Structure formats: C-alpha cells, structure tokens
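Reader: Please take me closely through one part of this model, a single strand and what surrounds it, and give the cut-off behind each term as you use it.

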Amino acid sequence: MTDPLFSPLALGSLALPNRIVMAPMGQGKAPGGLPHPDYPAYFRRRAEGGTGLIISGATAVGHDNAAFDENEPRFHGAALAIWQKAAEAVHGAGGRMMPQLAHAGLQGIAQVPPPWRGIGPSGIWLAGAEVGRPPAPERIEGPPMTLAEIDAVIAAFAEAAAAARRIGFDGIEIHGAHGFLIDQFLWHRTNRRDDAYGADRVRFAAEIVAACRKAVGPDFPIALRFSQFKMTDYAAKLAESPADLEALVVPLAEAGVDMFDCSLRRFWRPEFAGSGLNLAGWIKHITGRATIAGGGIGLAATALEYGQGDVYGRVAEPSDHYLDDVRGRIDRGEFDLVALGRSLLGDPAWPAKVRAGDHESLQPYRPELLAGLN
C-alpha cells in the first residue's frame, strides 16, 4: 500500500511528488536584505532529502519597511538573482519551491530601532501577551494607513508575485499569519478602522490575493499562510467559531487562493469544540481548497507542550502515535500536506529516511542549527 505521506498531489500546474512541505522559517541571514549566497544550497539539501515542496521564510515585498528586520531577505531588486538560483537549485534536485511574500507592518517594531516607521491598519500595536494572561495593552505607534499606502502595498505584492513567476518559482505563498501586516487587518484588536477596510476586515487580504492572481494568471498556484495565533500572543483568535472562520476564508478562496498553509503549533489539537478537525481540516471543509497542516510533526515533544526542559534532542520514534495519526488524517481527507520545520532543520533527509523506514539514523533538531544555513 502507498504511504499517504509519499503519494503525489497535483494542484493546478503544480505537481508534487509527495505531501511533505518545508515550512517557511526565517533564517535571518540576509544583511541589508540580500540573501546569503548559501541559501540555494541550503534549500537544495532539503529537496535532495525528499521534501516535495519548499516554502522560503518570509521575504519582504518592495515597500518601505516591509521587512521584519534588517536581516530578513527582500524579494525585489538585487535579491532576485539569488532567489532565482535557489529555485534552480531546488528544481535540480527534483523539488518544487515557493517564496513566501510578506510585509511585517508593525510586527517589526520590536526588532528595528528608530527611525524605522512601521505601518498598520490603525497604527495600533500590542506588546507580547503570555498564554493564560490578560490581553496585552495596546499602544498607538502612528496614524492609520492611508488609502494610498494600502494601494502601494497591494501593488508591491502583485509585483513580487509576477517576479516569482518570471524567475522560475512554482507558485507563491502570501504571508497572512502571525501578526504580520495582512493579519493585522484581519484581527479586530489591531484593525479599528472606520472605513471599508474596517467594516470588512478581510478586504485588504482579498485585494492582495486578487492582485497577485491578476499578475500571475489563472494557473500559477497561490498559497496563503493563515494562523489564529500571533507571534506576540499564542492565545489570540481570529475566529471563535466555524461561522467566523467561514467569513474570513471564503472571500480569500474566491479571490484566488488555491491552498491554505495553516500554522497550528500543535497539529493534533481540535480547533473548535464538538469536532476533532484542526484548523487545516476546518478550512478544507469550508472552502474545498487544499490545506497544509503543521505543528510538532517529527518532534517527540516540545518544552512548551510538556513543561519540561529542552527535549528537542529526541527524535520521534516509529512507535510514537503522531505519524500514524498524520497518515490517517491525510487518508481521510482532513488535510492534504504536512509542514515540517525544525525536523527538516535537524535532518534535511527526514523524508527519505522515513520513507525507507530508517528511523535509527534520523538526526534531531538542535537550537544551535539556527546560527547557520546547514
């Protein structure tokens, strides 16, 4: 029988050899926005190891202060030559690749010193909030975005999407999660606008998707990264119910999203009471679009989950229930693909080894791996 993890999948013009995705992770190795020359080899190693689809970490579109910090790679100008090499390197190893196009909005305020000026739907930023604590107080960091600024950001995403197709990528992913600018429009706590972009909080995201769709044509895959939680608030929620979620994701699907990349933190957790579906399962159920689920796959445990010390040093064993659970959910059609982050940092050959049953040689994730492009 075919292992569901290694069955092929076609999404429009995108033919994937398996269901394993390298999750978008910011490597922070781009001083001044220019990606480090080792990026192509870094991504190629994951394709050589059997990863079917690779999604870059966040790359800033061509708009002022779009980057999360000064070490986040750009996706415009001179940076495109290195990104083209990355796509070619991945293709040479039999993989597929999408850049994650992003605008940090006010998310970068904690990372970049003045005179950096971030923008947001209402100029409202929230300090970090811990799980189980009251919501963090808001603070005003500047005026709300003007309509001209909104139009400029939409145009920057469309230009980046067109560039991705031109230089040979297999699709794009739009970063609409984790408190970045698009997510700031979606969230009621950071979007207090009194115009059309406040009355309909999904409008900004949908207009970006539609502009990207127009720029790349009907067959070029568009994914959208989506999360309930924020980098500064793990308890935050955009949707409290399936009806709330439907109001957010249906307009995005109608605007042109082919696939939702759902950032879950823990893939096994149900999203709403009364159902075992996680966020990726609910979005697929609502929209019919393909979904990616991720969060803890390949790791035995995490310190945050179990209240222990650093336990990343143990790779999940074949007997651990998680992998059979993932296979079963793919088989049942709950979601279509799985995203691995730290597991692929620890061992670029994770897919090939798991497919061969070679769990003994899997290498664990270690935090020091974040210091390089290994």
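Author: Let us start from one bridge: S263 is paired with G294, its bridge partner in β11. The model is a predicted one, in which local features require pLDDT of at least 70 and side-chain atom pairs count only at pLDDT 80 or more, while totals for chains, interfaces and linings use all residues. Residues are numbered from 1 along each chain as its sequence is written, and side-chain values use heavy atoms, with hydrogens and water left out.

Strands here are DSSP runs of E with at least two residues, and helices are runs of H or I with at least four residues, both numbered from the N terminus. Two strands are said to pair if DSSP finds at least two bridges between them. By that rule β10 and β11 pair in the parallel sense, over five bridges. On the other pairing to be described, β11 is joined to β12 (residues 337-340) by three bridges, and these two strands also run parallel; A293 has V338 as its bridge partner in β12.

How much of β11 is buried? A residue counts as buried under 20% relative accessible area, as exposed over 50%, and as partly exposed in between, with a 1.4 Å probe and protein chains only. Five of the five residues of β11 (residues 290-294) are buried, so the strand is largely enclosed by the rest of the structure. In a regular strand the side chains alternate between the two faces of the sheet. Here both faces are covered, since A290, I292 and G294 on one side and T291 and A293 on the other are all buried.

The strand also takes part in a larger arrangement, for β10, α8 and β11 make a right-handed β-α-β unit; right-handed means that, with the strands pointing away from the viewer, the path from the first strand over the helix to the second runs clockwise. Beyond this unit, eight strands close into a barrel with parallel pairing, in the order β3-β4-β5-β8-β9-β10-β11-β12. Neighbouring strands of this sheet are turned against each other by 25° on average, direction ignored, where axes are lines fitted to C-alpha atoms, for helices over the stretch in contact, and angles between N-to-C directions run from 0 to 180 degrees.

One residue that touches the strand deserves its own description. N278 is found in the loop between β10 (259-263) and α8 (279-287), and at 0% relative accessibility N278 counts as buried. Contact means heavy atoms within 4.5 Å, and, leaving aside residues up to four places away in sequence, N278 touches L264, F267, R269, P270, E271, A293, R329, E334 and F335. A polar atom of the N278 side chain lies 3.1 Å from the backbone nitrogen of A280. For reference, a polar contact is a pair of N or O atoms within 3.5 Å; within protein, one must be able to donate a hydrogen and the other to accept it, and residues adjacent in sequence count only if both atoms are side-chain atoms.

Finally, a note on cysteines. C262 counts as buried at 1% relative accessibility, and C212 is buried with a relative accessible area of 0%. With a disulfide taken as a pair of cysteine sulfur atoms within 2.5 Å, the count comes to zero disulfides.
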